[in-house]
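This briefing goes through side-chain pairings, burial and contacts, grouped by topic. Please keep the sequence and the structure at hand while reading.

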Amino acid sequence: MEKFKAYKLTEVDRKIRAEFVECTLDELDAGELVVRVAYSDVNYKDALAATGKGRILLRPACIGGIDLAGTVVSSADGRFAKGDAVLAVGHLLGVKHHGGYAEYARIPADWAVKLPRGMTLWEAMAFGTAGYTAGLAVMRMEHNGLKPANGPVVVNGATGGVGSIALAALAKLGYAVTAMTGKESEAGWLKQLGAKEILLRQNLDLTKIKPLDKATWAGAVDNLGGDVLAWMASTMAFKGTIASIGLAASPNLNTTVLPFILRGVSLLGVNSTDCPTPEEGRAVWQRLATDMRPPMLKEMARTVPFADLPTVFDDFINAKVTRRVVVDLNA
């Protein structure tokens, strides 16, 4: 039986052992689709799982990688045929179901999305969970009434995966975007992605957040949580909308109800793993392939060969990553 390479995470004495192993198809989890994986990617969640810095794994051992893109080798579901180009992000991949860090994957058909027209397998992973989350956030905000004419939008964590794609997608859609970052050296890059203004996080006094501050933002994408999200809430304009995506700074939120009841601000929670319906998921990918597609997508990601995968996780943990990382399973 043909063997192939996989990157497996195993919990041993409450620590994670991450290593390349040889697998066979019989060792993969159940699912209607067998996919020859062309590309995966690296997200913060992948780095937490692989380094053991976060309690991510939901089983004793699992092939890592929460995202994958490739070609269907065999299908037991009428919606997919051999040769179809597909992608899958999130769900239980890489944490409870063997994931994308392997040359083959077997997945439930309900988790797969046919690659949208005009998008390559590499581009699908340049987006990955980060881009999918950003696209989902923008669509949720639009459904809540956000449009370019309403006023400026602020995106924090703007050099990160979700933040950079949210910034670029919003700019493509015609929004005036302010990029908030703690990395002053990346201001030029953020301008290239479409930011009209740069706001350095260190210039905010987060020790004195007012219940209501100057009404500024029609929309906000928050990747940090904590005091930055509290500041965002206090500076939202009337009927402004905030997409809460991450907690890189803190899961806590110390704010008041005043922005919500006096300015009609909406706080939208975005969960890209569990909440979207299949129809909504397909719609997000279609938007990412068309009107939300960042003009500089190729420049927003770098590609590493599968063998180099273990070398990139620490940069995610240490907040040194400013580009998406695509993993080439064939290199």
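Which side chain meets that of Glu19 in a salt bridge? The partner is Arg17, with an N to O distance of 3.1 Å. The coordinates come from a predicted model, in which a search of the whole structure finds 13 salt bridges and which also holds 9 aromatic pairs. The points below take up some of these pairs, then turn to a buried acid and to helices and loops.

**Salt bridges**

- In the bridge between Glu19 and Arg17, Glu19 counts as partly exposed at 29% relative accessibility, and Arg17 is likewise partly exposed, with a relative accessible area of 41%.
- Glu11 and Arg55 form another salt bridge, in which the closest N and O atoms are 3.0 Å apart. This pair links distant parts of the chain, since Glu11 belongs to strand S1 (residues 4-12) while Arg55 lies in the loop between helix H1 (44-51) and strand S4 (61-63), 44 residues apart.
- Of these two partners, Glu11 is partly exposed, with a relative accessible area of 28%, whereas Arg55 counts as exposed at 56% relative accessibility.
- A salt bridge also joins the side chains of Arg140 and Glu280, at 3.1 Å from N to O. Arg140 is located in helix H2 (residues 121-143) and Glu280 in helix H7 (residues 278-289), so this pair ties together parts that are 140 residues apart in sequence.
- Glu280 is buried, and its relative accessible area is 17%.
- Asp77, Arg79 and Asp110 are linked in a network of salt bridges.

**Aromatic rings and charges over their faces**

- Among the 9 aromatic pairs is the one formed by Tyr101 and Phe313, which is tilted, with 6.5 Å from centre to centre and 50° between the planes. Because Tyr101 lies in the loop between strand S6 (85-89) and strand S7 (104-107) and Phe313 in helix H8 (residues 313-317), the pair ties together parts that are 212 residues apart in sequence.
- Both rings belong to buried residues: Tyr101 has a relative accessibility of 2%, and Phe313 has a relative accessible area of 3%.
- Tyr101 and Phe313 are also members of one aromatic cluster, which they form together with Tyr7, Phe20 and Phe306.
- Two positively charged side chains are placed over ring faces: Arg36 lies over the face of Tyr104, at 5.1 Å from the ring centre, and Lys114 lies over the face of Phe80, at 5.8 Å from the ring centre.

**Glu103, a buried acid without a salt bridge**

- Glu103 is situated in the loop between S6 and S7, the loop that also holds Tyr101.
- Although Glu103 is buried, it has no salt bridge, and the nearest side chain of opposite charge, that of Arg36, is 4.2 Å away. The cut-off for a salt bridge is 4 Å between a side-chain nitrogen of Lys or Arg and a carboxyl oxygen of Asp or Glu, so the separation of 4.2 Å does not qualify.
- The side chain of Glu103 does reach the backbone nitrogen of Lys5, at 2.7 Å.
- When neighbours within four places in sequence are left aside, Glu103 is in contact with Phe4, Lys5, Val35, Arg36, Val37 and Leu329. Arg36 is thus among the contacts of Glu103, while it also lies over the face of Tyr104.

**Helices H5 and H6 and the loop before H6**

- Helix H5 (residues 226-234) is mostly covered, with 8 of its 9 residues buried. The buried residues in H5 are Gly226, Val228, Leu229, Ala230, Trp231, Met232, Ala233 and Ser234.
- Leu247 is found in the loop between strand S13 (236-244) and helix H6 (258-262), and at 54% relative accessibility Leu247 counts as exposed.
- Leu247 and Gly225 are 22 residues apart in sequence, yet their C-alpha atoms are 4.7 Å apart in space. Beyond its neighbours within four places in sequence, Leu247 is in contact with Asn223, Leu224 and Gly225.
- Leu262 lies in helix H6 and, not counting residues up to four places away in sequence, touches Leu212 and Phe238.
- Leu262 and Ala187 are 75 residues apart in sequence and 34 Å apart in space, C-alpha to C-alpha.

Note on methods: Residues numbered from 1 in each chain as written. Predicted model: local features only at pLDDT ≥ 70, side-chain atom pairs only at ≥ 80, totals over all residues. Heavy atoms only, no water. Phe/Tyr/Trp six-rings, centres within 6.5 Å; stacked < 30°, edge-to-face > 60°. Helix = DSSP H or I, 4+ residues; strand = E, 2+ residues; numbered from the N terminus. Buried < 20%, exposed > 50% of the residue type's maximum accessible area, 1.4 Å probe, protein only. Lys NZ or Arg CZ within 6 Å of the ring centre and 35° of its normal. Lys, Arg positive; Asp, Glu negative; His and termini not counted. Polar contact = N/O pair within 3.5 Å; in protein donor to acceptor, adjacent residues only side chain to side chain. Contact = heavy atoms within 4.5 Å.
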